[in-house]
Amino acid sequence: MPYLGGEDTVRELRRALSNPNVQSDQLRYRNTILKVIRAMSQGVDVSGLFSEMVKACATVDIVQKKLVYVFLCSYAALNPELSLLVINTLRKDCQDPNPMVRSLALRNMTNLRLPSLVEYVEQPLTAGLKDRAACVRRVAVLGWAKLHNLQPTSEIDASVVNELYSLLRDPDPVVMVNCLRALEEILKEEGGVAINKPITHHLLNRLKECDVWGQCEVLRVLQRYRPQSDDELFDILSLLDASLVSPHPPVMAATLSLFLHLCPGLPAVSQAALERVRGPLLAACGSASTEMRFTALCHIQLLLRSLPGLMGAHYKRFFCGYAEPAYIKQRKMQVLVELVNDENVVMLLDELKGYCTDVNTDTAQAAISAIGRIGRSYSDRCLEILTGLLGLKQDHITSAVVQTMRDLVWVCPQCSDTVCLALEGCEETLQDSQGRQALLWLLGVYGERVTSAPYTLEVFIDGVRSEASLGVKMELLTTTMRLFLCRPAETQDMLGRLLHYCIEEETDMCVRDQALLYYRLLHCGIEETRKVLQGRRSDPSLGVLIGRPAEPISQWASSFNTLESLRQVTVETESTSRGSPEHVTFDPKPNTDLSDTLSCSRDEQVHSGSDGAGRCTDSSADVPPPLSLSPSPALSPEEFERLWLQRRALHAERDPKIPGEEDYVRLEEWVRCPAIPHCSPQSLQAAMQLLNIQTLAFTPPHTLPWRVYLYTHTQHTHSGNTPHSTLILGELLYTGGDREGEEGEEEEQADGRSRRESVRKGGEEEEVKVTLQQQPRDDGALRGFLSILSSVLHTLTAERE
């Protein structure tokens with residue numbers, strides 16, 4: 001036979017298909033058609049055989065029909081006119097006494113995907129919905145979804161939709177699930193299939209009849225239903241109890257997701273459900289499928305955010321295997337860090353120490369970073385391990401250790417003496433730019449304690465012309481300046497040489513501009529330079545930064561059993577891509593547990609005044625709805641400024657005669673918290689980030705007027721059970737008691753001033769003005785956010801006092 005990829009191949013196949021002798025021999029004819037399919041699967045263009053294959057579909061041989069239909073569905077779009085010749089055969093097969101033939105004809109009739117054939121397909125599909133064979137009904141149900149996908153602008157007949165709804169009670173479970181899927185596609189513009197009480201209880205009672213895919217689909221659709229009473233809720237939970245411990249991980253995850261959606265106001269029930277799925281999740285971590293193991297680990301990390309001790313007794317299940325992929329090892333190490341306590345810290349550190357010499361450099365560096373995170377609570381043990389790893393003289397290990405030490409001393413300054421002793425001689429091993437950058441930062445901050453710091457810097461300065469990394473050059477400038485302030489005699493000459501090179505010879509504008517800045521700063525005097533470069537290094541009031549407080553389950557429930565949980569990466573494991581710690585946003589945990597304070601926060605109600613500005617009054621009867629805050633998607637300072645000024649202008653130009661229909665609200669409130677304007681920016685930022693409130697700009701403490709700009713994204717559920725997201729921009733302002741001194745606030749009305757007069761009795765000089773701008777408008781979310789923000793400010797005030 002000629003070469004498979006040539007035109008001779010198609011010519012030979014056409015000759016064989018047209019040969020009467022071959023057509024009369026059923027086996028030879030089938031084998032010839034099989035050769036056509038094989039050539040098609042190998043990339044040969046056999047579309048020229050379309051007319052011969054159309055003739056071949058008129059047969060009683062089911063195998064031959066399947067082969068021909070595969071060919072026709074692949075090339076129907078290229079031959080729309082010839083495809084009309086197949087319709088008569090397919091419509092005839094739809095009336096065949098064999099249900100397999102009927103289902104095969106219906107499936108391939110819809111798989112032709114030709115709009116010109118829709119009018120010929122509708123009648124067989126309608127008849128197929130009432131067919132006595134379940135396999136035909138399965139195909140017919142999905143066929144209507146395919147037709148809607150083919151012509152999304154056309155409306156499906158209401159009688160067909162009613163018939164699909166009636167087939168939800170079909171005795172065949174696959175037909176029932178296919179109806180759910182088809183109605184979801186057809187009614188997508190209307191929000192999907194309507195789930196009421198009878199349908200919900202019917203689906204729950206038949207849940208065990210479905211396969212794994214069917215159960216997951218049913219459980220996903222049921223998340224839209226909200227029980228009408230507590231008795232009904234607990235009846236539904238009882239029916240779902242067996243699925244919660246299903247041996248199939250997809251069913252277990254879908255059931256738990258439904259549990260969390262049904263019980264947002266029952267934290268005890270949600271917590272009990274999380275504890276029940278511990279066993280199935282641990283079993284999934286030992287699955288033979290690496291994808292299943294990774295997914296289980298990601299979902300375990302979500303659970304640990306609300307129940308940190310859930311897997312504490314089973315920490316050995318997260319030890320890494322030798323043959324496991326690197327991404328699973330790294331995810332397991334993230335879980336191990338969350339499970340550290342006084343009883344298992346020695347064993348976990350020994351285990352992580354073994355991973356530090358893994359042949360995969362990413363795994364080794366992730367293990368070193370994990371040890372550094374544990375070191376924030378157990379610094380002595382971890383520093384001993386990190387110092388020992390420096391003796392291996394391996395480039396990637398030394399780089400990771402130096403970066404980890406840099407991050408560790410930033411949050412634990414008491415470790416600086418040990419780190420300074422360990423830095424001697426590290427520069428000889430470091431080759432990558434991140435490691436050299438970390439070493440330079442350590443030398444700049446603690447250079448007075450490192451004996452060889454000037455000599456190490458001199459090596460870097462002598463090789464600055466061959467340095468390719470922009471980050472290393474800029475860090476070298478800062479480090480040399482800092483070291484000059486504490487050891488001027490040893491550093492003066494090399495600082496002059498470095499500044500001369502960066503200003504006169506360096507081609508990169510960023511490096512040149514930074515060198516010019518330092519040069520002009522030196523002209524202002526040593527004291528001014530010292531104020532700029534030797535500010536506070538860390539704030540002891542931040543306390544221990546290991547771990548995080550338990551989050552509300554509602555904060556991550558929506559991402560459970562979705563791809564979002566697979567994309568979440570712990571920020572602190574990405575140490576190799578970070579610069580100096582001054583520019584890193586940590587997730588700190590202050591000594592005061594703000595989450596406990598929020599449970600007793602005051603309730604406030606937002607009103608809309610005649611000038612569009614909101615006023616808040618305490619109301620014990622008006623309880624804010626559950627509210628989730630998120631700092632993402634992130635806003636840049638430029639975007640914040642643009643939105644802030646744009647919406648303030650919108651507020652000033654808005655017509656007050658329009659009664660409350662605007663999609664924007666501005667709220668102003670005075671909060672009494674005297675210590676806040678005098679606390680450190682690090683403490684305030686740590687407290688805000690603990691509750692997912694992102695701060696963008698600070699005024700230094702003891703400066704008037706004192707301002708802080710912040711933002712967050714809110715999401716909560718309305719009475720209609722639909723989640724609603726908004727963006728809130730905020731400003732904290734303290735003017736030292738002069739409320740009337742703020743610029744641009746001429747729109748204050750008499751009712752707002754009378755409101756403030758009632759508050760002045762508590763001491764107006766100690767109040768901070770909170771201004772919030774929200775769009776789209778959501779009074780419930782704004783009320784809840786103001787309550788949370790006030791609780792944060794009151795908590796920090798109480799802690800400082």
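**Exercise 1.** Is Phe 71 buried or exposed?

*Solution.* The model is a predicted one. Phe 71 has a relative accessible area of 0%. Buried means under 20%, so Phe 71 is buried.

**Exercise 2.** Classify the ring pair of Phe 71 and Tyr 75, and place both residues in the fold.

*Solution.* A pair of aromatic rings is described by the distance of the centres and the angle of the planes. By the pairing rule, the count comes to nine aromatic pairs. For Phe 71 and Tyr 75 the ring centres are 5.0 Å apart and the planes stand at 45°, so this pair is tilted. Both residues belong to helix H5 (residues 62-75), where they are four residues apart, about one turn of the helix. Tyr 75 has 10% relative accessibility and therefore counts as buried.

**Exercise 3.** Classify the ring pair of Phe 640 and Trp 644.

*Solution.* The ring centres of Phe 640 and Trp 644 lie 5.9 Å apart. Their planes are at 10°, and planes under 30 degrees apart count as stacked, so the pair is stacked. Phe 640 and Trp 644 are four residues apart in helix H33 (residues 637-653), so about one helical turn separates them. Both residues are buried.

**Exercise 4.** Which residues do ring pairs link into a cluster with Phe 71?

*Solution.* Phe 50 and Tyr 75 are linked with Phe 71 into a cluster by ring pairs.

**Exercise 5.** How many disulfides does a search of the whole structure find?

*Solution.* A disulfide requires two cysteine sulfur atoms within 2.5 Å. The search finds zero disulfides. As for individual cysteines, Cys 179 is buried at 0% relative accessibility, and Cys 502 is buried with a relative accessible area of 2%.

Definitions and conventions: Residues are numbered from 1 along each chain as its sequence is written. This is a predicted model: local features need pLDDT of at least 70, side-chain atom pairs count only at pLDDT 80 or more; totals for chains, interfaces and linings use all residues. Side-chain values use heavy atoms; hydrogens and water are left out. Buried means under 20% relative accessible area, exposed over 50%, partly exposed in between (1.4 Å probe, protein chains only). Rings of Phe, Tyr and Trp (its six-membered ring) pair if their centres lie within 6.5 Å; planes under 30 degrees apart count as stacked, over 60 as edge-to-face and the rest as tilted. Helices (H or I, at least four residues) and strands (E, at least two) are DSSP runs, numbered from the N terminus.
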